[in-house]
Amino acid sequence: MPMVTVHRLSKQDARRVAVRAQLLAGQRPPDLLTAVRRLAMLQLDPVSAVAPSADLVAWSRLGPAYSSADLTAAIARQSVIELRAFLRPAEDLALYRADMAAWPGAGPLRDWQVAIRAWVAANDQCRRDILARLAAGGPLQSRELPDTCVKPWESTGWTNNKNVTRLLAFMVARGEVAVAGRRGRERLWDLAERVYPDHPVIPSAAAARERDRRRLAALGIARAAGPEASVEPATVGAVSGEPAEVEGVKGQWRVDPAYLDGAAFAGRAALLSPFDRLVHDRVRALELFEYEYQLEMYKPTAKRRWGYYALPVLFGDRLVGKLDATADRKAGVLTINAIHQDVPFSGEMSAAVNEEIAGLAAWLGLEIRCPG
């Protein structure tokens with residue numbers, strides 16, 4: 001058996017791999033679809049205190065060449081599809097079809113899987129009513145779909161008695177319905193066969209390996225295993241890429257060797273969405289970037305350190321601060337409440353960050369206001 005090389009990386013090496021993989025180094029991608037394919041996904045989130053997260057991620061990669069209309073158009077022509085709160089390249093749907101066919105899971109089921117299977121079975125007539133309504137008149141908003149459930153969805157959270165909402169989520173997981181687009185913030189639902197490309201099914205084990213491979217290509221460096229994630233893991237499996245150790249960090253990592261090519265690193269400044277995959281794994285951000293971050297929108301105002309929707313600030317291969325900003329589109333203003341410096345900004349850093357703030361305001365079509 002051949003010897004396996006374990007790459008020994010400094011923290012700076014690891015950071016530069018991550019920044020390059022996330023398309024945040026000097027050279028920008030040529031267009032939106034190229035960026036989405038390289039990043040593997042754009043996370044959706046309803047909060048847009050500055051701009052919708054998916055748009056912020058795209059703008060931070062493409063710069064002034066990007067317009068939110070580009071993403072709307074890509075969704076409309078179905079080159080990008082929405083699946084479980086992420087926008088993904090349409091061709092990647094083939095990596096989920098086998099799991100959809102095996103819903104709620106292959107092999108021994110957990111108690112929660114048995115419970116949701118039983119709930120869907122109890123409301124099978126409602127499921128059929130939804131499919132018939134979509135077949136006749138889709139795409140439709142969820143409020144236009146019939147709730148003929150005989151067994152209500154019970155939850156201690158906001159989904160209690162949200163029968164159609166929950167049933168649609170399970171029908172997505174089964175590959176029966178799909179998000180066909182949006183009307184404002186409201187999703188439009190249709191039969192999956194009208195939305196998804198008709199690509200051959202990839203067997204589940206092979207699809208899981210390919211998802212791990214693509215995730216590692218997008219992250220550059222990641223842990224092989226970690227806490228279970230309900231939708232999109234931060235881990236990449238034990239067979240993706242090659243093993244690596246990072247100086248000063250315990251445990252083993254997996255690294256995509258494509259980023260160990262010895263190419264000179266050319267960094268830049270960038271303002272990131274709180275849901276950006278460079279910082280989404282808060283533990284990795286702390287281990288590799290020595291960067292502490294929490295999204296504080298759910299905290300009382302008095303307990304926030306950085307702001308309601310603070311944008312992480314990247315400079316070169318370091319995460320160096322947070323931008324507390326709010327967009328008021330009616331007033332035509334981007335309010336800069338604070339720029340929190342995790343490290344003292346040099347003149348070069350300040351100039352680069354200010355240039356990015358000006359670029360953000362111009363992209364949003366807003367004037368900058370700095371209170372006080």
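Is cysteine 370 buried or exposed? At 54% relative accessibility, cysteine 370 counts as exposed, while cysteine 149, at 16%, counts as buried (buried is under 20% relative accessible area, exposed over 50%, partly exposed in between, with a 1.4 Å probe and protein chains only).

A quick word on the ground rules: this is a predicted model, where local features need pLDDT of at least 70, side-chain atom pairs count only at pLDDT 80 or more, and totals for chains, interfaces and linings use all residues. Residues are numbered from 1 along each chain as its sequence is written, and side-chain values use heavy atoms, with hydrogens and water left out.

Back to the cysteines. A disulfide here is a pair of cysteine sulfur atoms within 2.5 Å, and the count is 0. The closest cysteine sulfur to that of cysteine 149 sits in cysteine 126, 3.5 Å away, which is too far for a bond.

Now the strands (DSSP E runs of at least two residues, numbered from the N terminus; two of them pair if DSSP finds at least two bridges between them). Strand 4 (residues 86–89) has these antiparallel pairings:

| Partner of strand 4 | Bridges | Residue opposite leucine 87 |
|---|---|---|
| Strand 2 (residues 42–43) | 2 bridges | Leucine 42 |
| Strand 3 (residues 80–83) | 4 bridges | Glutamate 82 |

So much for the pairings. Strand 3 and strand 4 form a hairpin with 2 residues between the strands, and arginine 84 takes a positive phi there, near 55 degrees.
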